[in-house]
Amino acid sequence: MHDQATVLIVDDEKHTRDGLRLSLEDDFDCYVASNAAEAMEYLKNDHIDVMLTDLRLGEDDGMKLLDTALAMPKPPVCIMMTAYGSVDTAVEAMRRGAYHFVTKPLNLDEVEILIKRALRSRTLEHENMALKQQVERKFSIEGILGQAEVMKPILDTIQQVAPSRATVLIEGESGTGKELVARAIHNLSGRPKANIVSVHCAALSPQILESELFGHEKGAFTGAQERRIGRFEQANGGTLFLDEIGEIDASTQVKLLRALGEQTIERVGSSKPIQINVRVIAATNRDLAKMVEEGKFREDLYWRLRVVTIKLPPLRARKSDISILADHFLRELAKANAKTYKPLGEDALPAMMNYDWPGNIRELRAAIEHGVVMSNSNRVMLKHLPSYLLNPHGLGIGLRAPSLIASKEGASTPASADPAVKPKSDLDITEAEHQLILTALQRSGNNRTVAAEMLGMSRRTLQRKLKDLNMVRTHRRRVGTPAAPDQTSDS
């Protein structure tokens, strides 16, 4: 064993190989190869820190050797050299992942300095990677990553509440990770890990939702051709996660209240009570307290749900976590897309820190996947990420819709506002929201499902807002205030 870095010199000209070896062997442990096959033997059987290879290796192609070396589990730092240097060749080598490019005749002092610089860069990269992994282990619970101050009490609450039977209400904007928190609570609860059942309440009509939750007997309604076991029974002994709980209708709220209070349910079409043992975790991006005041949500159910409340901050309130989350997604999505892990380029993180992320962690993950797929170099640069990141107040659809709309639903107010939208009153905010929704509908070709995804909300939430906004426009027409044309068809 030795402390010297290993350098592999690949060149089909013997005098070049020997000259480089003699020049470098005082500071490095040097290997030499005359062709790609010999080089691959060293790469497979020895740990190589730096590979210095000629572009032309007789019948072999140095670019192919570069690609093969960089695809290895522990790739060396690669430096290309050639007597046929050109800007295009240099760019291509760098694009494929080469650290640098030198032309012959070689300046041996410059080559030595370049190798040492490359090794320092590799060391720093490894140290940063190790530090990030340490941070992830320290500030991570069941996949929830965060070192921002606002996340520490949340992680503490998750650990404290998990072993209990207490019902938990998770609040936060769309995309903040509410389901991930619910699964963390379940996994730390001691209940069987596989026994967590999720129901997305906004995606189902009232009749279907009731059947999904409580099950039904054969013949209970038209189309009920056989008995169905509901989600409460499926989750018996485990956890039932009710996402977008604010969207359930009044009748289902009554039955849910009984299930929570008595730990019994009745299938649709039956009066026979069924005993259950289910821990309920609910989530919402709406202001349930305000809904209670407006008579849209039962107060007794509200208090039954919020035994413990966890309010998740938007990503713009925890920007110090962006680098940790981004690196986590880079690794995860590189593997999912059969790509080699590539770190962020030096221009990417500043742009990401300067962006408000109205779609929160979900939007960040999508942006990283875009970068992983589009990157054609050894790093994920800003140019590989979605173009809207160049506009810190932008969004994929050119709006700041989710943060503005979420603030009206009770989530935190956006940290910064689009200069084009400067509401001075509730009336102005309503009109701005109206314009955002109309723009999303226009850009989606009046497809409400797509528009809802662009705005970071469910389709039912969008439909409810369209209904409310139609009422606003009707009132304004009565008082003589002009309104924008209705573009909310069900296409």
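Okay, let's start with Cys30. Is this cysteine buried or exposed? Cys30 is buried, because its relative accessible area is 15%, and anything under 20% falls into that group. Keep in mind that we're looking at a predicted model here.

Now hop over to another cysteine, Cys201. This one is buried too, as its relative accessibility is 0%. And since we're on cysteines: how many disulfides turn up in the whole structure? The search comes back with 0.

Right, let's zoom out a bit. The protein chain has 491 residues, and 49% of them count as buried. In terms of secondary structure, you'll find 19 helices and 16 strands. What about contacts along the chain? Take the ones with a separation of 6 or more: 68% of those are between residues 24 or more positions apart. As for the outside, the accessible surface of the chain is about 23,900 Å², and carbon and sulfur atoms make up 51% of that surface.

Last stop, helix 1, which runs over residues 14-24. Which of its residues are buried? Those are Thr16, Arg17, Leu20 and Leu24. They sit on the same side of helix 1, because they span an arc of only 100 degrees around the axis. Then turn the helix around and look at the face pointing away from that buried side. There you'll see Lys14, His15 and Leu22, and these are exposed. So if you've got the model open, try helix 1 from both sides: Leu20 and Leu24 are among the buried residues, while Leu22 is one of the exposed residues on the face turned away.

Notes: Residues are numbered from 1 along each chain as its sequence is written. This is a predicted model: local features need pLDDT of at least 70, side-chain atom pairs count only at pLDDT 80 or more; totals for chains, interfaces and linings use all residues. Side-chain values use heavy atoms; hydrogens and water are left out. Helices (H or I, at least four residues) and strands (E, at least two) are DSSP runs, numbered from the N terminus. Buried means under 20% relative accessible area, exposed over 50%, partly exposed in between (1.4 Å probe, protein chains only). Contact means heavy atoms within 4.5 Å. Accessible areas come from the Shrake-Rupley method with a 1.4 Å probe; for residues, only the protein chains shown count as cover. A disulfide is a pair of cysteine sulfur atoms within 2.5 Å. The arc is that of the directions from the helix axis to the C-beta atoms.
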